[in-house]
Amino acid sequence: LMVWQDFMFACNLYPSTPDFVAEVQAEVRDVTRRIGHHACLALWCGDNELLGALTWFDVTKNDRDRYLVNYDRLNHAIERTLHETLGQGVNWWPSSPSPGPLSFGDAWHDDSSGDMHFWSVWHEGKSFSEYRKVAPRFCSEFGFQSYPSMDVVHTFAGPEDQNIAAPVLESHQKNPGGNARIAETMFRYFRFPEKFEDFVYVSQVQQALAIQTAVTHWRSLKPHCMGTLYWQLNDTWPVASWASLNYGGGWKLLHHAARRFYAPVIVAAVPDGTKLSFVGVSDLPDKLSLDLRVDAVSVHGARRSLLTSSKKIGHKKAKKIATLDLSKVKPDEVVVFEWAAGDQRGADHFAPLPYKAYPLQDPQIAQSVTRDGQAYVIRLTSKALGLCVAVEPDVPGRLSDNMVTLTPDAPAEIRFVPHDSGAEPSFTIRSLQSATYGSRSKP
């Protein structure tokens with residue numbers, strides 16, 4: 001685990017008077033001496049979005065040179081004190097985002113060098129495909145919101161308040177327009193859920209799909225893009241947010257998806273007009289032989305082969321494994337692909353159309369639960385295509401996986417370990433069909 005360590009200056013204007021700078025230098029010396037011995041510290045960054053703040057306020061817009069000099073004095077004082085304390089060998093980055101040292105341009109929208117923050121999908125309400133229109137060298141901040149899981153919602157909202165327009169739910173949304181943006185995105189991609197708990201589930205599905213779209217595409221650009229940090233990991237209170245962990249540490253669907261799309265070896269599906277490229281990405285040191293299988297699966301669950309391919313891949317550069325003509329995919333089919341490379345295996349799906357365009361059938365998901373020591377083993381089978389199938393335990397614990405694709409010939413097995421060893425959990429199963437077409441698979 002490598003740590004990007006910011007100094008604690010963010011999203012504002014700070015003075016650079018002698019007294020204030022002296023105070024900052026004392027803080028930098030104290031912090032760096034206290035934690036600087038940790039080998040995991042990959043980089044020290046001067047601040048978060050102070051360059052961006054130079055364009056946010058009337059005083060800075062009207063007198064940018066003055067405030068730029070002010071910023072530069074403070075930033076260089078932090079850098080000098082860091083190097084005086086820990087030496088010249090530590091990695092220093094002036095700001096995030098930043099095009100680089102002594103460059104004070106608009107790194108929010110500049111993907112040519114340095115690190116980039118990319119918020120057009122969330123703050124500007126653009127489609128997920130917008131992530132594929134930029135090619136950052138390192139995207140150090142981007143994100144998409146969802147609601148916290150229902151067990152967290154129950155801690156602050158009674159049944160009468162479980163509506164996104166209810167004052168209680170609005171008070172647990174601190175980003176202006178956030179609730180409307182979540183709902184508007186659902187209208188764009190999904191048939192709208194009827195029940196509140198399904199709304200919460202779909203909000204987490206679309207959050208996971210948004211971040212997966214960004215990460216898999218940018219990983220497919222390796223070595224041009226060599227890193228991503230999504231915002232954010234966790235919450236400090238129960239709230240609708242960009243986090244992948246709920247308040248209290250429970251996993252949202254995004255956190256399960258992140259375990260897969262940040263795996264050492266993945267295959268990214270990259271659309272380009274009528275073509276779909278499959279790009280192999282490896283972060284492992286040795287060359288691997290990657291085997292790829294691509295099928296079309298209808299909403300009824302019928303599977304047919306589209307292509308297979310095998311290629312050698314290495315860690316230095318992503319490699320195109322195969323290309324599919326999307327005209328070969330029928331309107332009621334999605335693309336399901338699986339890969340294996342050494343002991344690395346994975347699977348994913350790509351929907352050429354918005355999910356709301358598919359006449360999804362009830363997958364009739366059946367579950368069988370057995371015990372294996374402290375773990376409950378949940379085996380899921382379906383009679384039709386099951387997309388984004390999620391397991392919701394009724395007691396706290398940890399699932400081995402979630403948000404999986406089911407087909408009649410490809411069941412899934414998920415393990416659940418309750419925090420309380422004496423608990424006897426039951427499990428609710430949701431899918432895109434059950435959440436947006438009105439029927440639900442029962443425990």
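## Helix α8

Let's start with helix α8, which covers residues 178-189 of this predicted model. Its twelve residues reach 17 Å from the first C-alpha to the last, close to the 16 Å expected at 1.5 Å a residue.

Which residues of α8 are buried? They are Gly-178, Asn-179, Arg-181, Ile-182, Ala-183, Thr-185, Met-186 and Tyr-189. These buried residues pack against α5 (120-123), α7 (167-171) and α9 (196-219).

## The nonpolar cores

The largest nonpolar core holds 62 residues, and those touching the most other members are Tyr-131, Phe-142, Tyr-201, Val-205, Ile-211, Trp-218 and Leu-432. At least two residues of this core come from each of α5, α6 (150-153), α8, α9, α10 (253-261), β11 (333-341), β15 (386-393) and α11 (432-436). Helix α9 supplies the largest share, 13 residues. As a general backdrop, nonpolar side chains in soluble globular proteins tend to be buried together.

Val-205 is a handy residue to click on: leaving aside neighbours within four places in sequence, Val-205 is in contact with Phe-190, Leu-253, Cys-388, Met-403 and Leu-432. Apart from the largest core lies another one, of 30 residues, including Ala-268, Val-270, Leu-292 and Ile-321.

## The β11–β12 hairpin

Now for the strands. β11 and β12 (residues 344-350) run antiparallel and are joined by seven bridges. Within this pairing, Glu-338 stands opposite Ala-347 in β12.

How many residues lie between the two strands of the hairpin? There are two, and Gly-342 in the turn has a positive phi of about 65°. Strand β11 also links back to the previous section, as one of the elements that supply at least two residues of the largest core.

Methods
Residues are numbered from 1 along each chain as its sequence is written. This is a predicted model: local features need pLDDT of at least 70, side-chain atom pairs count only at pLDDT 80 or more; totals for chains, interfaces and linings use all residues. Side-chain values use heavy atoms; hydrogens and water are left out. Helices (H or I, at least four residues) and strands (E, at least two) are DSSP runs, numbered from the N terminus. The expected span of a helix is 1.5 Å times one less than its number of residues. Buried means under 20% relative accessible area, exposed over 50%, partly exposed in between (1.4 Å probe, protein chains only). Contact means heavy atoms within 4.5 Å. A nonpolar core is a set of buried Ala, Val, Leu, Ile, Met, Phe, Trp, Tyr and Cys residues joined through side-chain atoms within 4.5 Å. Two strands pair if DSSP finds at least two bridges between them.
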